[in-house]
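I opened this notebook to record what I looked up in one structure. The entries below cover sheets, aromatic pairs and one loop residue.

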Amino acid sequence: MQTRANSFSPRWMSFLVLGTVLFASAWVVNGSSVSAHSVSFSTSFEEVNKTCTVNAEADPVEMTCTSYWKGVAEQPASITSSLTLSRSVGPGTFSHAEALDRDIVFECDVVFPSSVGEDVMLFNHGAGGRGTWVGLMAQGASGLPVMTGRAGDGGRLPRSGTARFETSDIPLDGQVHNVVVDIRIAGPGRIRLFIDGSLKAQGFSTDAALQANQFSGGSNPAYGSGGSTPNGKTNREWPGFPQTLMSELKIYDGGQLVPSTA
């Protein structure tokens, strides 16, 4: 951080932290001439409060003002910002209205648990014939808790018409995170997981496309709890359901995918 003064010197300047980045600056007004200072920052701030005190006994009269500023975080562009939202659904089961044979994207903001004691579901769409499922497993192939997902053939794995991912690179921290899952029907079939805008895992079908060229059979989808599931998967509710689901489940339907530059 650098400071620069005009043809004057600041009376004083102090910095403090209150939750987000917050600091105070002060300047002095002597009669009609103003003493002040300016500060250059690499980020943006907004003024949230200003107070002034007057010393009438000083000659000339002296006024000191303190401004409080709050750091304004610059949010990165969402990886779904270029997509067209088809609909959003709330917690629990919902009726499907999606084109099952088209690429699709799901997005939500959820609180991740600090530990995973049992398998839990984030969302599902379809069942044992064809279906999509995303959730947490207490123990993956690595022996660690993992986030896993699958799309296509809903039978017991492995299935050539199923795309599947599994990763232990997940934020088990009790904080809110953005989750995006996109599913490509063919070329071959593919399912990808993004957390907070970063690609964490992906998997592909060994066939040229997902089974029957569909990501789901459409039966009894759900967000956070309930619904049907592919073979071997649970519909056990997400930890803290429904309070930990911080957004509706957003669905970008009809052939959309997260841009390849994400």
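The entries follow in the order in which I made them, and the model I consulted is a predicted one.

**Entry 1: the sheet with β10 and β19**

I looked up the strand order and found six strands in an open sheet, arranged β8-β19-β10-β15-β16-β17 with antiparallel pairing. At the edges stand β8 (87-89) and β17 (198-204); each has a single partner strand, so one side of each has no neighbour in the sheet. I noted an average twist of 20° from one strand to the next. I then examined one pairing within this sheet: three bridges connect β10 (residues 104-111) with β19 (residues 249-252) in the antiparallel sense. Which residue of β19 is the bridge partner of Val105? I found Tyr252 in that position.

**Entry 2: the sheet with β11 and β18**

I recorded another open sheet of six strands, also with antiparallel pairing, in the order β9-β18-β11-β12-β13-β14. Its edge strands are β9 (92-93) and β14 (162-167), and since each has a single partner strand, one side of each is left without a neighbour in the sheet. Strands β11 and β18 run antiparallel and are joined by two bridges. I noted that Asn124 stands opposite Ala222 in β18.

**Entry 3: aromatic pairs**

I looked up the ring pairs and obtained a count of three aromatic pairs. For Phe112 and Trp238, the ring centres are 5.7 Å apart and the planes stand at 90°; the pair is therefore edge-to-face, the cut-off for that class being over 60 degrees. Where in the chain do Phe112 and Trp238 lie? Phe112 is in the loop between β10 and β11 (120-126), whereas Trp238 is in the loop between β18 (222-223) and β19, so I recorded a link between distant parts of the chain, 126 residues apart. Are these two residues buried or exposed? Phe112 is buried, with a relative accessible area of 0%, and Trp238 is buried with a value of 0% as well. I also found that ring pairs link Phe106, Phe123 and Phe215 into a cluster.

**Entry 4: Thr234**

I turned to Thr234, which lies in the loop between β18 and β19. Its relative accessible area is 18%; because buried means under 20%, I entered Thr234 as buried. A polar atom of the Thr234 side chain lies 2.9 Å from the backbone nitrogen of Arg236. Which residues does Thr234 contact, leaving aside its neighbours within four places in sequence? I listed Asp119, Val120, Met121, Trp133 and Thr229.

Notes. Residues numbered from 1 in each chain as written. Predicted model: local features only at pLDDT ≥ 70, side-chain atom pairs only at ≥ 80, totals over all residues. Heavy atoms only, no water. Pairing = 2+ DSSP bridges. Helix = DSSP H or I, 4+ residues; strand = E, 2+ residues; numbered from the N terminus. Axes fitted to C-alpha atoms, helices over the stretch in contact; angles between N-to-C directions. Phe/Tyr/Trp six-rings, centres within 6.5 Å; stacked < 30°, edge-to-face > 60°. Buried < 20%, exposed > 50% of the residue type's maximum accessible area, 1.4 Å probe, protein only. Polar contact = N/O pair within 3.5 Å; in protein donor to acceptor, adjacent residues only side chain to side chain. Contact = heavy atoms within 4.5 Å.
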